[in-house]
Amino acid sequence: MRRKIPSTQALAVFESAARHQSFTKAAEEMAVTQSAVCRQIAGLEDFLGLKLFRRTKRGVLLTDAGIGYSQQVSVRLDEIERDALQLMAREGHGDTLELGVMPTFATKWLLPRLKVFLQAHPDVTVNLRPRTRPFLFDETSLDATIYAGQASWPGTEGIFLMRESMVAVASPALIAPHRSLTANALLAYPLLQQSTRPYVWRQWLASQGIQAENDLVGPQMELFSMLTEAAILGMGVALIPRFLIEDELRRGLLVVAVEHEYLSAQSYYLIYPEGRAERPLLRTFQHWLVQQATAT
């Protein structure tokens, strides 16, 4: 049966026009005439049976359907282009794994180990894409993701990697002349907050039987890398998984402010769609990743 797929040229023209909100700029980018852009868009609208643009006195605007479709088309065209470039670069050999990662985890833990995996599999390419929150795999080109939290995503499988031990750290200069503090004394300092885990300080304090009114107060940052740098600069005390700051602790850029490690409820998982569970490259990477996490 013939597939009901619009022409690639029409989709490329539509994506350009949608991105620029202009047929004129799309024509310039695609190196065609404006009338050619109009014909491609009109043909695509006829094919779909709906309007993608509204014509106004000031130009064109996307319809509601056009907004949603343009986002989907942009993702698909990026995937097609990336696949073509990767195939050309590998000259038809090897395989690629598209992996979602939390940026700090990738920088501090995964990348120092990934070189060994790639050396053992020279025909493999691993592309890292930042992801800090749950998402739908159907809306991405990702084969898997490494995520800290719950592994119960619909339609996926989750492989446990490790739990995290959280430590309160600060610049040595911030807490001088003290070498370490009590948890109550720590509350006199600014508490750097991670926006994706708003209650982590409360949980850390509760593990020591302490309640505080200011446990949610402090500068908010999304990434552990931001919290780490802010703590190094003396902006406050940060609560960070120890395995992400081993280098900073070893170099003396940070010190453990309170000698108490909290095994948080967060666990790290490799998550992937059920339909890709038997993909050979994913299974090979999964086995290697579990070995690395177990050795941490």
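Alanine 31 counts as exposed, because its relative accessibility is 71%, over the 50% cut-off. The model is predicted. Alanine 31 sits in the loop that joins H2 to helix H3 (34-48). Its phi is near 60°, a positive value in a residue other than glycine. Most residues other than glycine have a negative phi.

Glutamine 21 also has a positive phi, near 55°, and is likewise not a glycine. This residue lies in the loop between helix H1 (8-20) and helix H2 (23-30). Glutamine 21 has a relative accessibility of 32% and therefore counts as partly exposed. The value falls between the limits of 20% for buried and 50% for exposed.

A further backbone feature concerns a peptide bond. Most peptide bonds are trans. The bond from alanine 176 to proline 177 is cis, and its omega is near 5°. Proline 177 belongs to the loop between helix H6 (172-175) and helix H7 (183-186).

The packing of two helices was examined next. Helix H5 spans residues 103-120, and helix H11 spans residues 280-295. Their axes lie 11 Å apart, at an angle of about 125°. The angle falls outside the ranges for roughly parallel, roughly perpendicular and roughly antiparallel pairs, so H5 and H11 are oblique to each other. The crossing of H5 past H11 is right-handed. On the H5 side, the contact is made by Trp109, Leu110, Arg113, Leu114 and Phe117. On the H11 side, the contact is made by Leu281, Thr284, Phe285, Trp288, Leu289, Gln292 and Ala293. Sorted by class, the contact holds nine nonpolar residues, two polar residues and one charged residue. Arg113 of H5 is the charged one. Thr284 and Gln292 of H11 are the polar ones.

The nonpolar interior was then considered. The largest nonpolar core has 64 residues. Within this core, Leu186, Trp204 and Tyr268 touch the most other members. Strand S6 (residues 156-170) supplies the largest share of the core, with seven residues. A second core is separate from the largest one and has 18 residues. Among its members are Leu11, Phe14, Phe23 and Val60.

Definitions and conventions. Residues are numbered from 1 along each chain as its sequence is written. This is a predicted model: local features need pLDDT of at least 70, side-chain atom pairs count only at pLDDT 80 or more; totals for chains, interfaces and linings use all residues. Side-chain values use heavy atoms; hydrogens and water are left out. A nonpolar core is a set of buried Ala, Val, Leu, Ile, Met, Phe, Trp, Tyr and Cys residues joined through side-chain atoms within 4.5 Å. Buried means under 20% relative accessible area, exposed over 50%, partly exposed in between (1.4 Å probe, protein chains only). Helices (H or I, at least four residues) and strands (E, at least two) are DSSP runs, numbered from the N terminus. Axes are lines fitted to C-alpha atoms, for helices over the stretch in contact, and angles run from 0 to 180 degrees between N-to-C directions. Angles under 35 degrees count as roughly parallel, over 145 as roughly antiparallel, 65 to 115 as roughly perpendicular and the rest as oblique. A crossing is left-handed if the near helix is turned anticlockwise from the far one by less than a right angle, and right-handed if clockwise. Contact means heavy atoms within 4.5 Å.
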